[in-house]
2 protein chains.
Amino acid sequence: MIKTGDRPLRPGDTIGILGGGQLGRMIALAAAPLGLKTHIFCPDPASPAFDVAHTHTIAGYDDISALDIFAASVDVVTYEFENVPGPTASHLAARVPVRPGPRALAVSQDRLEEKTFLQAAGIPVAGFWRVDSDEAAVAALEEAGGKGILKTRRLGYDGKGQILLRSAAEARDAFTRLGRQAAIMEAFVPFEREVSVIAARGVDGTLRAYDVAENVHRDHILKTSTVPAALEPELAAQARQMAETICERLDYVGVIGVEMFVLPEGAGGPRLVVNEIAPRVHNSGHWTQDACQVSQFEQHVRAVAGWPLGSAERHSDVVMENLIGDEADRWEAILAEAGASLHLYGKTESRKGRKMGHVNRIRPLRA
Amino acid sequence: MIKTGDRPLRPGDTIGILGGGQLGRMIALAAAPLGLKTHIFCPDPASPAFDVAHTHTIAGYDDISALDIFAASVDVVTYEFENVPGPTASHLAARVPVRPGPRALAVSQDRLEEKTFLQAAGIPVAGFWRVDSDEAAVAALEEAGGKGILKTRRLGYDGKGQILLRSAAEARDAFTRLGRQAAIMEAFVPFEREVSVIAARGVDGTLRAYDVAENVHRDHILKTSTVPAALEPELAAQARQMAETICERLDYVGVIGVEMFVLPEGAGGPRLVVNEIAPRVHNSGHWTQDACQVSQFEQHVRAVAGWPLGSAERHSDVVMENLIGDEADRWEAILAEAGASLHLYGKTESRKGRKMGHVNRIRPLRA
């Protein structure tokens, strides 16, 4: 059955979700109170999202017949990770609306495409150079002023697939060390802090940006997001504006995460540069679950369902802390803490560096 | 396998829930973020709670072998309705902790037991008389001052199984009209308004009462709950105290709903009388989902898991409105409303008088 389906969903309809991790799980948990069912498609039989979804399919993303059955059983498809294979996305998109759309996926899957798109949209980014050889890496590092990060253009996350380079000597065989995959050199940005904006765009073009979060990473993994961020009001407004511009330029539908660096005052350049966009709900937006009436997960469901977006206003100040590896063993102490909301992902196996849950600690809004 | 299991649950453990309606569904949705699985046991194949639970069993409450398998697969049992058959509860309780315990069930399943318990606990109630014949009904009505409500002692909800009586003539065959079931006559209480308190008690005896809600019924079905209730502070404190006393006297574990009448000032008697208790999460506590950090559903999960209770504090004022029958068709307008949170139950068939969902409308706390 081919669905044309640009109609808004109705209660009782089903959202198909590619990926069965914690993000898919939290989307499913947000869809249920809106009367929507979810169908999770994931190759991993131990997917935490299966526990809370109406239906699940265990199959590879290249399993065409499984994808066909999936497409016929859902009213819209979304995803919890940006590395959905292109052929999977286009196969599905021919059968059912896929939101966010193919352009957002294409741009965010390739760091060179992403930076090129951002630059063309007038969004400040760090200097970047295409790298396809060891020689190109050396040349790019020189242009970058002697300090840069060589990254594979595709895949790679939480610091994987990248090398910090501080000298021509280090650059000499860096491309080879990265496995001779298509790469990008990014100028090193001496940032003061990292922030992010979670924004959403509806099918009708409505934009809603949440307040800016200030993020702290540990071992390349997000550790905390604090809202409000310690940021001048003009910069905060600029950050939200940039996220909205990105949504518009991508003709985006859904929630997006936009990571930015804040540069020191007085350096002459822009104060904010965009580091990365993620076409999905984002770890640095988990604080919205307990500090806003409408969480990023509900907002994403509303957007992909073709429904009106909700308010992105915040009723509390908040710090989100990721529980990584055995940190989730602290669940009992967290439950006893006033103002703390525990969110565990139902993962059976705790591994070093694995995100097992998070906690949102709220307090009244500062006047 | 017989479980002794008075240990607190651990993330990954399973809560068994008897009943698959919206209350079971919302308990399951609250259990998931705490890392707990749920197993719903319900005879109805179209149970809305199945959509969001890890496991479900479709079987009758008297199906001993299904109950045995259920008991062996869960770490604690709770329920979403007070009319769990006694034999079902005791069969399960011999195998796995059942929370709230058998005393709460016994008391709340029989209006005469309930009123007798409340009176013994020093809680004001309307006058009541046991009725086992037409003659007894006439005599009781006279003692009640000529205006009373004859109710079956067991079952009956939303106004079913009760008759308002205003004269001896009406009383004459009332017991027969009720089907000659064991009954109770309750004196008619000229109440000003109806309020309720949602309270919780943990395994460790901790008590937490939420703020008093003011309830409006329509056609004997709850229509709105407003918090805060328009109630003098001393009366509100008294109401919460009464709910806590009831929990203690029942050695209760879990969330309880206590419905009360507010009587006019100057009549000489008590200003608050308890009408009914429900040993479960309660429709008049749905407002906690959007006006508190810890909803009644999370609180119930914490309690039955043997975990520390959360705060019962409120961060917003709120009005909860039930969506009954085709009122749920207004979902689209509600989604577009600022400050409104929609909760649909995923029921496929809308019938007159059927609770299909609710909406919580929040606004900032009045100073």
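Domain bounds here come from an automatic or database domain assignment. In this predicted model, that assignment splits chain A into domain 1 (14–98), domain 2 (127–187) and domain 3 (193–364). Looking at two of these, the C-alpha centres of domain 2 of chain A and domain 3 of chain A sit 28 Å apart.

Over in chain B, there is an open sheet built from four strands, paired antiparallel in the order β5-β8-β6-β7. The edge positions go to β5 (128–131) and β7 (162–165) of chain B; each has a single partner strand, so one side of each has no neighbour in the sheet. From one strand to the next, the twist averages 20 degrees. Zooming in on one pairing, strand β6 (residues 148–152) of chain B is joined to β7(B) by four bridges, with the two strands running antiparallel. Within that pairing, B:Ile149 has B:Leu164 of β7(B) as its bridge partner. A helix goes with this sheet too: α6 (residues 134–143) of chain B lies across β5, β6, β7 and β8 (183–187) of chain B, and runs at about 170 degrees to β5(B).

Then there are the cysteines. The disulfide count over all chains comes to zero. A disulfide needs two cysteine sulfur atoms within 2.5 Å. The sulfur of B:Cys247 has its closest cysteine sulfur in B:Cys292, but that is 16 Å away, so the gap is too far for a bond. Seen from B:Cys292, the closest cysteine sulfur is that of B:Cys247, again at 16 Å and too far for a bond. As for accessibility, B:Cys247 counts as buried because its relative accessibility is 0%, and B:Cys292, at 4%, counts as buried too.

Definitions and conventions. Residues are numbered from 1 along each chain as its sequence is written. Chains are lettered from A and ligands numbered from 1 in the order in which they are written. This is a predicted model: local features need pLDDT of at least 70, side-chain atom pairs count only at pLDDT 80 or more; totals for chains, interfaces and linings use all residues. Side-chain values use heavy atoms; hydrogens and water are left out. Buried means under 20% relative accessible area, exposed over 50%, partly exposed in between (1.4 Å probe, protein chains only). Two strands pair if DSSP finds at least two bridges between them. Axes are lines fitted to C-alpha atoms, for helices over the stretch in contact, and angles run from 0 to 180 degrees between N-to-C directions. Contact means heavy atoms within 4.5 Å.
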